[in-house]
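Reader: I would like a close look at the central sheet of this model and what surrounds it. Please take it strand by strand and then place it in the whole assembly.

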There are 2 protein chains.
Amino acid sequence: MKKHNFYAGPSRLSDYTLKATAEAVIDFAGTGLSVMGISHRTAEFEDVMLSATEIVKELLDVPQGYSVLFLQGGASLQFCMAPFNLLENNATYINTGVWATGAIKEAKYFGDVIELASSADRNFCYIPKGWEKNVSKDTSYVHITSNNTIYGTQYKQDPDVPVYMVADMSSDLFSRPVDVAKYGLIYAGAQKNIGPSGATLVIVKDEILGKVSRPIPKILNYKTHIDGKSMYNTPPTVAVFACLKTLERYRQLGGVQAMKQRADSKAAMLYDEIDRNKMFQGTADFDDRSNMNICFVMTPDYKDLESKFNEFVGARNILGIKGHRSVGGFRASVYNAQREESVKALITAMKDFEKRHL
Amino acid sequence: MKKHNFYAGPSRLSDYTLKATAEAVIDFAGTGLSVMGISHRTAEFEDVMLSATEIVKELLDVPQGYSVLFLQGGASLQFCMAPFNLLENNATYINTGVWATGAIKEAKYFGDVIELASSADRNFCYIPKGWEKNVSKDTSYVHITSNNTIYGTQYKQDPDVPVYMVADMSSDLFSRPVDVAKYGLIYAGAQKNIGPSGATLVIVKDEILGKVSRPIPKILNYKTHIDGKSMYNTPPTVAVFACLKTLERYRQLGGVQAMKQRADSKAAMLYDEIDRNKMFQGTADFDDRSNMNICFVMTPDYKDLESKFNEFVGARNILGIKGHRSVGGFRASVYNAQREESVKALITAMKDFEKRHL
């Protein structure tokens with residue numbers, strides 16, 4: 001029985017990626033060896049790494065002067081590496097939830113953090129506005145979290161600030177065009193829109209590096225990984241392979257512009273049902289609603305039916321829609337690989353549940 | 001045609017591991033979801049992590065008071081995390097090659113390094129002896145590299161020192177019993193004897209933590225990962241799954257004592273041929289020869305035939321025996337998953353080459 005996978009991450013990968021990876025685990029690129037059992041220094045694997053890097057540049061239209069890296073450690077290690085490499089006296093952070101807060105905490109080991117704006121006052125259900133004009137020219141960078149998985153909020157455009165931005169784009173990179181030139185550093189754990197957990201994509205502007213006065217351990221220095229072409233130490237081979245396959249698929253489907261249309265369309269279908277159905281309501285402010293993580297709860301009159309709805313959809317093989325404990329209710333993650341068929345199955349379940357209980 | 005995989009890492013994994021992983025990439029634990037596409041917070045994946053942790057404790061007879069972690073970043077990140085967490089004023093390092101040197105360089109960011117012994121004088125072809133009695137009781141720890149992949153040397157017993165040891169066991173963990181109680185920290189990149197690249201095994205004695213005066217960023221603090229049961233941030237799910245399968249296989253085969261017998265036997269066969277065959281000679285001192293990485297060169301009279309021998313074995317599907325550039329010649333890696341059949345194929349090739357050229 002086919003499952004409808006709405007997990008927030010690790011999350012659904014396309015059949016194209018899964019089939020190619022399962023095959024490569026047994027026989028990679030016709031070598032007779034597994035992608036998990038072949039040296040990363042072989043021509044075959046070096047080609048995987050190079051191709052993955054090149055396709056990122058192509059899909060996101062990355063300008064000259066930027067390096068693309070596949071590292072390990074997830075966004076959480078980037079919370080630390082970013083200020084280690086970039087924060088001189090202070091950096092400016094916009095707090096939009098648990099992950100932004102995590103990034104802020106790590107940055108405080110390295111200098112002062114200016115928390116210029118926060119949506120903590122309403123449980124992070126919106127993206128703060130109007131703070132751009134207050135950014136100091138003397139701050140090292142402005143850090144944003146472009147999409148907030150837990151609260152279902154998303155920046156709808158790349159902010160304009162007088163310094164470069166650093167962005168955690170773990171949960172919406174490749175779902176829309178990005179004006180990379182505004183960013184000094186973009187990072188993303190792979191496990192939402194890029195591939196399996198265990199790979200971390202980093203896009204860094206070369207000229208911003210080497211400017212802080214603190215010494216940086218070699219493994220935590222972006223320059224090390226640029227010089228080593230993401231192979232300073234052994235890369236996570238099977239994870240990078242699966243990332244390449246996912247990115248190839250995006251190219252086949254028309255790139256990030258096409259991904260955006262698909263994301264807009266899937267999200268609109270589901271938000272329309274949330275807004276129509278009297279038993280449900282969205283939790284994020286309308287203008288800041290995420291196209292990737294769609295958060296909703298039952299309306300006050302039906303609050304006691306939440307666990308029943310969870311069981312109801314479970315019986316229809318709809319998995320992973322329980323909301324994060326800090327928001328409650330439900331969260332449907334509709335990353336690039338999410339099928340329209342699954343979104344429709346969830347909508348049908350909401351309608352059927354309404355018929356039964358309203 | 002079956003390949004004989006002698007790569008130094010990533011290296012051969014058993015058919016048991018590969019088959020189970022390829023299946024789980026499509027359908028993991030009967031969930032209908034991929035091991036790469038399911039939340040790490042599901043009961044099914046939590047069971048993988050817990051089982052992998054437990055089996056490590058069982059196989060290595062890990063004493064009470066130690067934590068077992070699966071992290072990311074490879075041994076290279078441990079070169080940094082170990083001193084970050086443990087080095088107060090100084091630490092003592094034994095230099096046995098490129099990887100030990102890498103660990104020393106990272107440690108110097110955090111304090112003084114006492115390089116108490118080194119085999120650099122003879123291109124790291126031996127393990128320094130007799131240094132144990134010179135270890136100060138006031139040093140934070142003694143760091144060793146238990147097996148040196150590039151030079152084919154290996155400690156034959158766990159040293160006795162008056163402080164705890166920190167060991168990079170990337171290339172021989174699970175190939176022999178280890179007296180874990182002598183170590184405060186053992187770490188190993190998975191890609192030799194444990195699984196695919198992208199997972200890093202850490203075994204740490206809880207009571208040695210929290211003693212340094214420097215602040216430690218959260219992601220680099222071992223305590224964070226102990227508290228999070230290796231799930232503080234998203235673990236590399238497919239890599240950990242493949243590690244579990246590899247460790248299960250070791251248990252089926254009789255544990256590390258059985259692994260040692262197999263390693264001794266395979267290594268002895270190949271060293272015997274190296275010692276017998278007039279065209280070849282080993283590069284490591286006899287007493288320090290590694291059972292995992294068997295390094296040899298052509299004897300001076302036949303030096304010019306090295307590239308010919310490489311071609312000769314290549315035609316027989318023997319892959320990955322080119323030696324590291326700093327030693328030259330050949331390196332046959334015979335980790336746990338290496339088949340006796342492949343070792344025999346290499347020996348036969350050496351004999352046939354001798355017949356043709358001697």
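Author: What follows starts with the sheet, moves on to the core and the chain as a whole, and ends with the two copies and some backbone details.

The model is predicted. Chain A has nine helices and 14 strands. Seven strands of chain A form an open sheet with mixed pairing, in the order 2-10-9-8-5-3-4. Its edges are strand 2 (66-71) and strand 4 (112-118) of chain A, and each of these pairs on one side only. On average, neighbouring strands of this sheet are turned by 20° against each other, direction ignored.

Begin at the edge formed by strand 2. Strand 2 of chain A pairs with strand 10 (residues 200-205) of chain A in the antiparallel sense, and six bridges connect them. Within this pairing, A:Leu69 has A:Val202 of strand 10 as its bridge partner.

The parallel part can be followed in chain B, through strand 5 (residues 142-145) of that chain. Strand 3 (residues 90-95) of chain B pairs with strand 5 of chain B in the parallel sense over two bridges. B:Thr92 has its bridge partner in strand 5 of chain B, namely B:Val142. Strand 5 of chain B also runs parallel to strand 8 (residues 165-168) of chain B, and four bridges join these two strands. Here B:His143 is matched with B:Val166 of strand 8 as its bridge partner.

The side chains of strand 5 of chain B divide between two directions. B:Val142 and B:Ile144 point one way, while B:His143 and B:Thr145 point the other way. Are these four residues buried or exposed? All of them are buried. The cut-off behind that word is 20 or more other C-beta atoms within 10 Å of the residue's own.

A helix also belongs in this picture. Helix 4 (residues 98-107) of chain A lies across strand 3 (90-95), strand 4, strand 5 (142-145) and strand 8 (165-168) of chain A. Relative to strand 3 of chain A, helix 4 runs at about 165°.

Next comes the nonpolar core. The largest nonpolar core has 237 residues. Among its residues with the most contacts inside it are A:Leu201, A:Val240 and A:Cys243, and B:Leu201, B:Val240 and B:Cys243 are also in that group. Take B:Cys243 as an example. Leaving out residues up to four places away in sequence, B:Cys243 touches B:Ala52, B:Phe70, B:Ala190, B:Ile194, B:Gly195 and B:Ala199.

For chain A as a whole, 56% of the 358 residues count as buried. Of the contacts in chain A with a separation of 6 or more, 67% are between residues 24 or more positions apart. The C-alpha trace of chain A spans about 60 × 55 × 30 Å along its principal axes. A compact globule of 358 residues would have a radius of gyration near 21 Å, and chain A agrees with this because its own value is 21 Å.

Now the two copies. A turn of 180° and a shift of 0.0 Å along the axis lay chain B on chain A with an RMSD of 0.0 Å. That is the relation of a two-fold axis. In chain B, the C-alpha nearest the axis belongs to B:Ala22, at 2.2 Å from it. Both copies use the same surface, as 100% of the contact residues of chain B recur in chain A.

Some backbone details remain. Most residues other than glycine have a negative phi, and most peptide bonds are trans. The peptide bond joining A:Gly9 and A:Pro10 is cis, with omega about -5°. A:Pro10 sits in the loop between strand 1 (4-5) and helix 1 (15-26) of chain A. In chain B, the bond from B:Gly9 to B:Pro10 is also cis, with omega near -5°. The loop between strand 1 (4-5) and helix 1 (15-26) of chain B holds B:Pro10.

A:Asn317 has a positive phi, near 65°, and is not a glycine. Its place is the loop between helix 8 (306-314) and strand 13 (318-319) of chain A. Why does A:Asn317 count as partly exposed? A:Asn317 does so because 14 other C-beta atoms lie within 10 Å, and the partly exposed class falls between 12 or fewer for exposed and 20 or more for buried. Phi of B:Asn317 is likewise positive, at about 65°. B:Asn317 also counts as partly exposed, with 14 C-beta neighbours inside 10 Å.

How values were computed:
Residues are numbered from 1 along each chain as its sequence is written. Chains are lettered from A and ligands numbered from 1 in the order in which they are written. This is a predicted model: local features need pLDDT of at least 70, side-chain atom pairs count only at pLDDT 80 or more; totals for chains, interfaces and linings use all residues. The radius of gyration is taken over C-alpha atoms; the globule rule is 2.2 Å times the number of residues to the power 0.38. Two residues are in contact if their C-beta atoms, placed from the backbone, lie within 7 Å. A nonpolar core is a set of buried Ala, Val, Leu, Ile, Met, Phe, Trp, Tyr and Cys residues joined through C-beta atoms within 7 Å. Two strands pair if DSSP finds at least two bridges between them. Axes are lines fitted to C-alpha atoms, for helices over the stretch in contact, and angles run from 0 to 180 degrees between N-to-C directions. Copies are superposed by least squares on the C-alpha atoms of residues with pLDDT of at least 70 in both.
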